[in-house]
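Here is a short tour of a protein model, written to be read with the structure open beside you. Feel free to rotate the view as you go.

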Amino acid sequence: MFASLFMAMVLGSGLTELDGQGSMYVFTTMGPWTDPVCREYETTSLDLQDLLDGAQDQKVCQVGTAWAQAHAETRVELKPEGFMAMIDAGGEAIDGDVGDVFSRHDVLATLELAAEEDLRVRVDWSVLASGLASIHVELLRLGNLDGSGSSSPPVMIHSASAYIEPIQMQGVDVFPISQGRWRMRLISTHQAMGSEEGFVTGEAQYAQVSTYVSIGDVDGDGAVDIQDVLALLDQFGACESCQADLDDNGEVEITDLLLLLAEWGT
Ligand SMILES: [Ca+2]
Ligand SMILES: [Ca+2]
């Protein structure tokens, strides 16, 4: 118990939730648009607890050999050691002999978050968009904890829009999250059409696992060591959105080196 308490004190609370909202839409239809033989859809409003618990929905139409399915799921987890966010959504539209077959989903989730202290985070992320589908995820600072200040450009954007050819991306981002109010937004959509080659299926998937690291851990590998010093020296000077810009002031300079040395060996 003492060990876990100690860890919690060392780690702090990380990003914590202030507010959340969103919507989820799943839609399937088959047959003539004005006189469908099957149409199933649902629009759901999401609140903070829905997003933290995980929200999902699915609608299916099946008539003979025709099949249309749309599904969507999204979730954000906030823990003292890091956070995760995901979207898993998409669908199929396979026409049999009923004419037009169509599937669609839309997800919009927005969370407002608080950083009670300066943090640094390593984000391991992956994106898949295929068919006719888009994913967009971003994280930006809204202002100070007391409501003052103005928003800043996103520190993280993961975005892909597929048109027939699938798009698959993955990577690691490391950046500071300064004390203040932050907003994470997750957006996805797909459309699938049974008669259109390349659009029979659509997938929009996003997954990221974020881990808090030491403020001085330039490369986010979990240690503050000589590799971080070398990376900092390599980026020395004016530098927008550089990993070594530990205090995020648009410049890699002596104050960043001092932040690094203050945490040497951690
Ligand atoms: Ca490091
Ligand atoms: Ca700096």
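## Ser241 and Ile164: two positive phi angles

Ser241 counts as partly exposed, because 13 C-beta neighbours lie inside 10 Å, a count that falls between the limits of 12 or fewer for exposed and 20 or more for buried. You will find Ser241 in the loop between strand 11 (237-238) and strand 12. Its backbone deserves a look too: Ser241 is not a glycine, yet its phi is positive, at about 55°. Please keep in mind throughout that this is a predicted model.

Ile164 offers a second case of a positive phi in a residue other than glycine, with a value near 75°. Ile164 is part of strand 8. Is Ile164 buried or exposed? Ile164 has 11 C-beta neighbours inside 10 Å, so it counts as exposed.

## How far to trust the model

The mean pLDDT of the protein is 93, and 96% of its residues reach 70 or more. Residues 1-10 are another matter, since pLDDT stays under 50 there. For that stretch the model has one contact beyond four places in sequence. Where pLDDT is low, the predicted coordinates should not be read in detail.

## Overall layout

The protein holds four helices and twelve strands. Its C-alpha trace spans about 70 × 40 × 35 Å along the principal axes. Of the 266 residues, 39% are buried. Turning to contacts with a separation of 6 or more, 70% of them link residues 24 or more positions apart.

The domain assignment divides the protein into domain 1 (14-213) and domain 2 (226-262). Taken over C-alpha atoms, the centres of domain 1 and domain 2 are 33 Å apart.

## Strand 1 and its partners

Which strands pair with strand 1? One of them is strand 6: strand 1 (residues 15-30) and strand 6 (residues 101-115) run antiparallel and share 15 bridges. To find this pairing on screen, look at Thr16, whose bridge partner in strand 6 is Ala114.

Strand 1 also pairs with strand 2 (residues 38-47), again in the antiparallel sense, through ten bridges. Here Phe27 makes a handy marker, with Tyr41 as its bridge partner in strand 2.

## Leu108 in strand 6

Leu108 sits in strand 6. It is partly exposed, because 17 other C-beta atoms lie within 10 Å. Setting aside neighbours within four places in sequence, Leu108 is in contact with Gly22, Ser23 and Ile187. Gly22 and Ser23 fall within the residue range of strand 1 (residues 15-30), while Ile187 falls within that of strand 9 (residues 180-193).

For a sense of distance, compare Leu108 with Lys79. The two are 29 residues apart in sequence, and their C-alpha atoms are 22 Å apart in space.

## Strand 7 and its partners

Strand 7 (residues 119-143) pairs with strand 8 (residues 156-177) over 20 bridges, in the antiparallel sense. Along this pairing, Ala133 stands opposite Ala162 in strand 8. Strand 8 is also where Ile164 was found.

How many bridges join strand 7 to strand 10? Eleven do, and strand 7 runs antiparallel to strand 10 (residues 201-213). Ala129 stands opposite Ala204 in strand 10. Strand 9 (residues 180-193) is likewise antiparallel to strand 7 and joined to it by eleven bridges. In this pairing Gly143 has Arg181 of strand 9 as its bridge partner.

## Helix 4 and its two faces

Which residues of helix 4 are buried? In helix 4 (residues 254-262) they are Asp256, Leu259 and Leu260. Seen down the axis of helix 4, these buried residues fall within an arc of 100°, so they line one face of the helix. Among the elements that cover the buried residues are helix 3 (226-234) and strand 12 (251-252).

Turn helix 4 around and you meet the face directed away from its buried side, which carries the exposed residues Ile254, Leu258 and Ala262. Strand 12, part of the cover on the buried side, also brings us back to the starting point, as the loop holding Ser241 lies between strand 11 and strand 12.

Note on methods: Residues are numbered from 1 along each chain as its sequence is written. Chains are lettered from A and ligands numbered from 1 in the order in which they are written. This is a predicted model: local features need pLDDT of at least 70, side-chain atom pairs count only at pLDDT 80 or more; totals for chains, interfaces and linings use all residues. Domain bounds come from an automatic or database domain assignment. Two residues are in contact if their C-beta atoms, placed from the backbone, lie within 7 Å. Two strands pair if DSSP finds at least two bridges between them. pLDDT is the predictor's confidence in each residue, from 0 to 100. The arc is that of the directions from the helix axis to the C-beta atoms.
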